[in-house]
Amino acid sequence: MPFMPPFIAPTFHTDPESALEQVRAIYGQQIHHLREAMQRFVAGEAMPGRVRGCYPYVRIHTDSVVPQAALENSGLSYGFVASAGRYETTLTRPDLYASYYLQQFRLLLQNHGVPLEVGVSNEPMPIHFSFAEHDHIEGNLPATRRMLMRDLFDLPDLSTMDDGIANGTIRFEPGQPLPLALFTASRVDYSLHRMRHYTGSAPDWFQNFVLFTNYQFYIDEFVKLGHEEMNRPDSEYIAFVEPGNVVTRRVGLPRDPLDSYGAPPPRLPQMPAYHLIRQGHGGITMVNIGVGPSNAKNITDHVAVLRPHAWLMLGHCAGLRNSQQLGDYVLAHGYVREDHVLDEELPLWVPIPALAEIQVALEQAVADVTRCQGADLKRIMRTGTVASTDNRNWELLPGNEPQRRFSQSRAVALDMESAAIAANGFRFRVPYGTLLCVSDKPLHGEIKLPGMANQFYRERVDQHLRIGMRAIEILRSQGPQRLHSRKLRSFDEVAFQ
């Protein structure tokens with residue numbers, strides 16, 4: 001017999017605030033039940049049965065679709081279901097997702113005019129996902145006691161966390177509710193925990209605009225700029241957060257009591273993240289993903305559950321055209337995907353389109369920062385196809401086979417990460433873009449040499465980073481309504497952004 005908290009009957013809501021409050025109440029009750037049972041278990045008590053807590057759900061049942069004219073007038077590509085029927089999703093972390101949930105609830109009520117049903121789902125909450133940010137309970141257990149956890153608590157079940165909804169491969173039986181969101185609650189929690197591990201910071205710090213880079217030089221410059229902003233009383237940013245949740249508040253602002261929990265880690269995590277915080281999560285997060293498409297896929301698999309407004313890749317690349325110079329920029333308008341990391345989830349026959357809003361913002365940012373226009377701008381920035389490979393030494397393969405394919409594809413630059421970041425943006429409906437800087441030309445004998453590389457990085461990184469940050473300013477000023485394009489929505493798209 002499962003040991004569960006008292007039953008909470010489903011409730012119906014015609015305003016988003018009361019629906020969110022009920023989600024909070026259910027989530028809080030289930031979390032409290034699991035944490036209290038875990039504390040008793042750690043203390044050596046016997047449990048009265050298998051301990052279970054479940055996620056809250058939100059459900060909508062509609063007998064009609066939203067008129068096309070209403071959708072066109074709203075200008076939004078989300079906030080409505082595709083057809084009549086029953087739709088639902090499980091929810092987690094209402095503290096973190098409060099603003100997001102409110103927006104999604106508000107749009108559903110506005111577009112469909114039927115109440116939202118909120119209740120307790122049948123999806124178990126794994127005990128590991130119930131721990132508070134600074135809890136390390138399991139580490140205090142002896143090995144024999146730890147083995148008993150499997151018999152008494154629900155552990156993460158990967159069968160409930162796949163990406164069938166996002167990939168468009170999931171199949172539903174007649175009468176089964178259709179999804180409202182791309183991710184189930186346990187899938188979200190799984191990624192939130194993975195982000196802590198890989199980036200060294202709590203997911204709460206992540207902002208709605210994310211820069212990815214493959215070089216530490218960019219991070220060093222971002223850290224410098226972050227601290228400069230904190231010394232400006234009039235800065236639009238209110239805090240700068242480094243790995244280990246080390247928080248620097250803007251001069252004149254009081255520290256938060258939770259800031260004291262932060263401490264520099266003994267060593268940097270695999271993909272350290274840094275956050276320039278703005279009110280309403282409108283700031284910038286920058287992540288050093290390191291080298292390779294596997295890292296690029298890994299981190300974007302997880303950051304996607306935060307539903308950011310955009311992510312951009314800033315990094316270095318090999319220039320493939322003789323006309324390019326070291327330090328020139330490449331604005332990707334297409335991708336040759338030879339990185340193989342997403343071939344199963346997103347077949348190669350799926351095109352990864354350039355998104356007009358991102359392309360325009362990046363080009364404008366290059367012009368703003370370099371002060372180049374017209375022919376001068378074209379001289380330092382080329383728009384073209386970027387090829388991404390998982391073979392760092394592709395140029396050493398016999399017969400120059402990759403070189404022939406890259407030429408046929410009209411590629412102008414090559415790296416290892418950009419295609420994975422763009423493809424996962426497409427897959428998870430996160431607007432994406434790529435602006436690279438040419439750091440070598442291996443096909444033309446111009447390779448990185450000691451000393452030369454360091455001088456090049458010092459001269460170009462600051463400008464390149466400022467271009468990326470300027471692009472985010474432009475995108476932010478336009479608002480998310482323009483960013484979340486219908487280009488990224490499937491035929492039977494989920495309602496949640």
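**Exercise 1. Strand β7 in this predicted model: decide which of its residues are buried, and on which faces.**

Solution.
- Strand β7 covers residues 239-242.
- Take one side: Ala239 and Val241 are buried there.
- Turn to the other side: Phe240 and Glu242 are buried too.
- Buried here means under 20% relative accessible area, so both faces of β7 are covered.

**Exercise 2. Find the strands that pair with β7, and give the sense of each pairing.**

Solution.
- Start with strand β9, residues 273-277: β7 pairs with β9 in the antiparallel sense, over three bridges.
- Within that pairing, Val241 stands opposite His275 of β9.
- Next comes strand β8, residues 246-249: here too the sense is antiparallel, with four bridges to β7.
- Ala239 has Arg249 of β8 as its bridge partner.
- Now look at the hairpin of β7 and β8: three residues lie between the strands.
- In this hairpin, Gly244 has a positive phi near 85 degrees.

**Exercise 3. Work out the order of the open five-stranded sheet and name its edge strands.**

Solution.
- The order is β1-β4-β2-β3-β5, and the pairing is mixed.
- The edges are β1 (11-13) and β5 (178-179), since each pairs on one side only.
- Step inward to β2 (residues 54-62) and β4 (residues 116-124): five bridges join them in the antiparallel sense.
- One bridge of this pair sets Val58 against Val118 in β4.
- Move on to β3 (residues 85-90): β2 and β3 run antiparallel and share six bridges.
- There, Arg59 stands opposite Glu88 of β3.
- Finish at β5: β3 and β5 run parallel, joined by two bridges.
- Glu88 has Pro179 as its bridge partner in β5.

**Exercise 4. Identify which strands helix α3 lies across, and its angle to β2.**

Solution.
- Helix α3 spans residues 98-112.
- The strands that α3 lies across are β1, β2 and β4.
- Its run makes about 20 degrees with β2.

**Exercise 5. Classify the packing of helix α6 on helix α8 as roughly parallel or oblique.**

Solution.
- Locate the helices: α6 is residues 185-199 and α8 is residues 293-303.
- Read the geometry: the angle is about 130 degrees, and the axes are 8 Å apart.
- Because of that angle, α6 is oblique to α8.
- The crossing of α6 past α8 is left-handed.
- List the contact: α6 brings Arg187, Tyr190, Ser191, Arg194, Met195, Tyr198 and Thr199. From α8 come Asn298, Ile299, Asp301, His302 and Val303.
- Sort these residues by class: five are nonpolar, four polar and three charged.

**Exercise 6. Do the same for α8 and α12.**

Solution.
- The angle between α8 and α12 is about 30 degrees, with axes 9 Å apart.
- Angles under 35 degrees count as roughly parallel, so α8 is roughly parallel to α12.
- α8 passes α12 in a right-handed crossing.
- On the α8 side, the contact holds Pro293, Ala296, Lys297, Thr300 and Asp301. On the α12 side, Ala420, Ile421, Asn424 and Arg427 take part.
- By class, the contact has four nonpolar, two polar and three charged residues.

**Exercise 7. Count the buried residues of helix α12, then look at what follows the helix.**

Solution.
- Helix α12 runs over residues 418-427, and ten of its ten residues are buried.
- Among them are Ser418, Ala419, Phe426 and Arg427.
- After α12 comes Arg429, with a positive phi near 60 degrees.

**Exercise 8. Place His281 and Arg371, and say how exposed each one is.**

Solution.
- Begin with His281: its place is the loop between β9 and β10 (284-288).
- Phi of His281 is positive, near 60 degrees, in a residue other than glycine.
- Relative accessibility of His281 is 29%, so His281 counts as partly exposed.
- Go on to Arg371: this residue lies in the loop between α9 (356-370) and α10 (374-380).
- Arg371 also has a positive phi near 60 degrees and is a residue other than glycine.
- Its relative accessibility is 73%, so Arg371 counts as exposed.

Notes:
Residues are numbered from 1 along each chain as its sequence is written. This is a predicted model: local features need pLDDT of at least 70, side-chain atom pairs count only at pLDDT 80 or more; totals for chains, interfaces and linings use all residues. Side-chain values use heavy atoms; hydrogens and water are left out. Buried means under 20% relative accessible area, exposed over 50%, partly exposed in between (1.4 Å probe, protein chains only). Two strands pair if DSSP finds at least two bridges between them. Axes are lines fitted to C-alpha atoms, for helices over the stretch in contact, and angles run from 0 to 180 degrees between N-to-C directions. Angles under 35 degrees count as roughly parallel, over 145 as roughly antiparallel, 65 to 115 as roughly perpendicular and the rest as oblique. A crossing is left-handed if the near helix is turned anticlockwise from the far one by less than a right angle, and right-handed if clockwise. Contact means heavy atoms within 4.5 Å. Ala, Val, Leu, Ile, Met, Phe, Trp, Tyr, Cys and Pro count as nonpolar, Asp, Glu, Lys and Arg as charged, and the others, Gly among them, as polar.
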